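User: I am new to this structure and would like a close look at how its side chains pair with one another. Please take me through that one topic slowly, in a single connected answer.

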Amino acid sequence: MMTAPAQAEEASFEATLARHDRIEPRDWMPERYRATLVRQIAQHAHSEIIGMQPEGAWITRAPSLRRKAILLAKVQDEAGHGLYLYSACETLGVSRQELTEKLIEGKQKYSSIFNYPTLSYADVGTIGWLVDGAAICNQVPLCRTSYGPYGRAMIRVCKEESFHQRQGFELLATMMRGTDAQRAMVQESVDRFWWPALMMFGPPDADSSHTAQSMAWGIKRDTNDELRQKFVDMTVPQARALGVTLPDPDLVWNDEKGGHDFTQPDWAEFRDVVSGSGPCNAQRVAHRRRAHEDGAWVREAASAFARRQQQEPQQQEAVS
Ligand SMILES: [Fe+2]
Ligand SMILES: [Fe+2]
């Protein structure tokens with residue numbers, strides 16, 4: 001049985017959600033709400049950080065100085081997104097150190113899309129266009145999520161994601177105006193990334209264990225299938241403008257539903273990739289672990305410096 005103060009706290013939490021107001025770090029929240037947020041924000045932060053790898057691999061091979069500058073800026077933005085999100089997660093009482101350890105021990109997940117390899121420079125464009133495009137569909141509703149620090153982080157993230165999507169589209173458009181070989185490279189890249197991009201919205205609603213509770217708490221605002229539909233409808237005219245073919249012969253406009261009909265991705269493949277057997281899972285986590293170990297001296301130096309900064313004013317006082 002609940003005590004009276006606990007009941008009052010729960011009522012105030014529910015009332016905040018009903019008003020579509022934000023829950024803030026010092027507010028009372030049910031333990032399961034906190035745990036759900038930690039899981040979702042951590043997974044999101046890890047995706048930003050692991051997502052730097054497939055594109056980062058092309059920085060040294062960018063075809064021009066201009067392309068290198070754009071790609072560097074984009075990959076650096078993703079590092080920033082990871083930092084905002086780790087900070088948002090820390091307001092729930094989990095440290096970044098702890099989250100990083102869970103990632104490199106394989107105890108927390110990141111988006112399945114980053115377990116696919118990048119095989120050509122066109123992939124940089126396709127990731128910007130389709131992967132950042134899907135991320136925008138997922139993330140714009142999160143600007144209104146019920147947890148304050150998460151929603152506020154998402155506002156800035158979304159502004160940068162729209163730059164990422166445009167740079168991808170612009171790169172592909174440039175290649176499509178180029179040679180036959182370049183056009184073929186773009187088409188081959190789109191053929192590979194289309195299905196994994198559809199998987200980014202998570203399993204179909206009927207199989208999604210978290211959706212109903214997350215929507216009741218105002219963490220999620222739309223279901224996986226609704227977001228996937230939105231993404232397909234947004235992408236079809238863009239593909240037409242680019243002159244690429246989306247690799248789904250059954251993709252057609254359905255007047256009745258006011259959206260496109262399309263083929264579902266291979267959900268068995270999705271489950272394999274999520275459970276660790278995708279083409280690059282082991283490589284991505286090993287790389288992250290190596291980077292974390294290589295960075296140990298920077299973390300030690302930074303904390304030694306911070307300790308000295310704290311001590312110094314007292315020492316100065318003692319001298320004067
Ligand atoms: Fe991002
Ligand atoms: Fe991005």
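**Side-chain pairs, from charges to rings**

Analyst: Helix α7 (residues 148–176) holds both E160 and R156, which are 4 residues apart, or about one turn of the helix. This is a predicted model, and in it E160 and R156 form a salt bridge whose closest N and O atoms are 3.5 Å apart. The two partners are not equally covered: E160 has a relative accessibility of 15% and counts as buried, whereas R156, at 48%, counts as partly exposed. Elsewhere, E55, K74, E78 and D132 are joined into one network by salt bridges that share partners.

Within that network, the bridge of E78 with K74 has an N to O distance of 3.2 Å. Because they lie 4 residues apart in helix α4, E78 and K74 are about one helical turn from each other, and both of them are buried. The pair of K107 and E105 offers a contrast: their side chains meet at 3.0 Å, N to O, yet K107 is exposed at 59% relative accessibility and E105 is partly exposed at 44%. Altogether the structure holds 16 salt bridges.

E78 also leads to the metal ions. It bridges the iron ion (ligand 1) and the iron ion (ligand 2), and these two ions lie 3.3 Å apart. Since E48 is in helix α2 and E78 in helix α4 (residues 65–90), this pair ties together parts that are 30 residues apart in sequence. Both count as buried, E48 at 6% relative accessibility and E78 with a relative accessible area of 5%.

The protein donors of the iron ion (ligand 1) are E48, E78 and E161, each through OE, and H81 through ND1, at 2.0 to 2.2 Å from the ion. Along the sequence, these donor residues follow the spacing E-x29-E-x2-H-x79-E. The angles among the 4 donor atoms run from 85 to 140 degrees, and the site is irregular. Four donors count as tetrahedral only if all angles lie between 85 and 135 degrees, so an angle of 140 degrees rules that label out here.

Rings supply another kind of pairing. Counting rings of Phe, Tyr and Trp whose centres lie within 6.5 Å, there are 8 aromatic pairs. One of them joins F13 and Y33, which meet edge-to-face at 5.1 Å centre to centre with 75 degrees between the planes. F13 belongs to helix α1 (residues 4–18) and Y33 to helix α2 (residues 31–50), so their contact ties together parts that are 20 residues apart in sequence. Y33 makes an edge-to-face pair with W217 as well, at 5.7 Å centre to centre and 85 degrees between the planes. Here the separation along the chain is 184 residues, because Y33 lies in helix α2 while W217 lies in the loop between α9 (211–216) and α10 (224–242).

These ring residues are covered: F13 counts as buried at 2% relative accessibility, Y33 counts as buried at 0%, and W217 is buried too. Together with W28, the residues F13, Y33 and W217 form one aromatic cluster. A last contact brings charge and ring together, for R61 lies over the face of W58, at 3.9 Å from the ring centre.

Conventions. Residues are numbered from 1 along each chain as its sequence is written. Chains are lettered from A and ligands numbered from 1 in the order in which they are written. This is a predicted model: local features need pLDDT of at least 70, side-chain atom pairs count only at pLDDT 80 or more; totals for chains, interfaces and linings use all residues. Side-chain values use heavy atoms; hydrogens and water are left out. Rings of Phe, Tyr and Trp (its six-membered ring) pair if their centres lie within 6.5 Å; planes under 30 degrees apart count as stacked, over 60 as edge-to-face and the rest as tilted. Helices (H or I, at least four residues) and strands (E, at least two) are DSSP runs, numbered from the N terminus. Buried means under 20% relative accessible area, exposed over 50%, partly exposed in between (1.4 Å probe, protein chains only). A charge sits over a ring if NZ of Lys or CZ of Arg is within 6 Å of the ring centre and within 35 degrees of the ring normal. Donors are N, O and S atoms within 2.8 Å of the metal (3.2 Å for Na, K and Ca); water is not among the atoms, so sites may look incomplete. Four donors count as tetrahedral if all angles lie between 85 and 135 degrees; four count as square planar and six as octahedral if opposite donors are over 155 degrees apart and all others between 65 and 115; anything else is irregular. A salt bridge is a side-chain nitrogen of Lys or Arg within 4 Å of a carboxyl oxygen of Asp or Glu.
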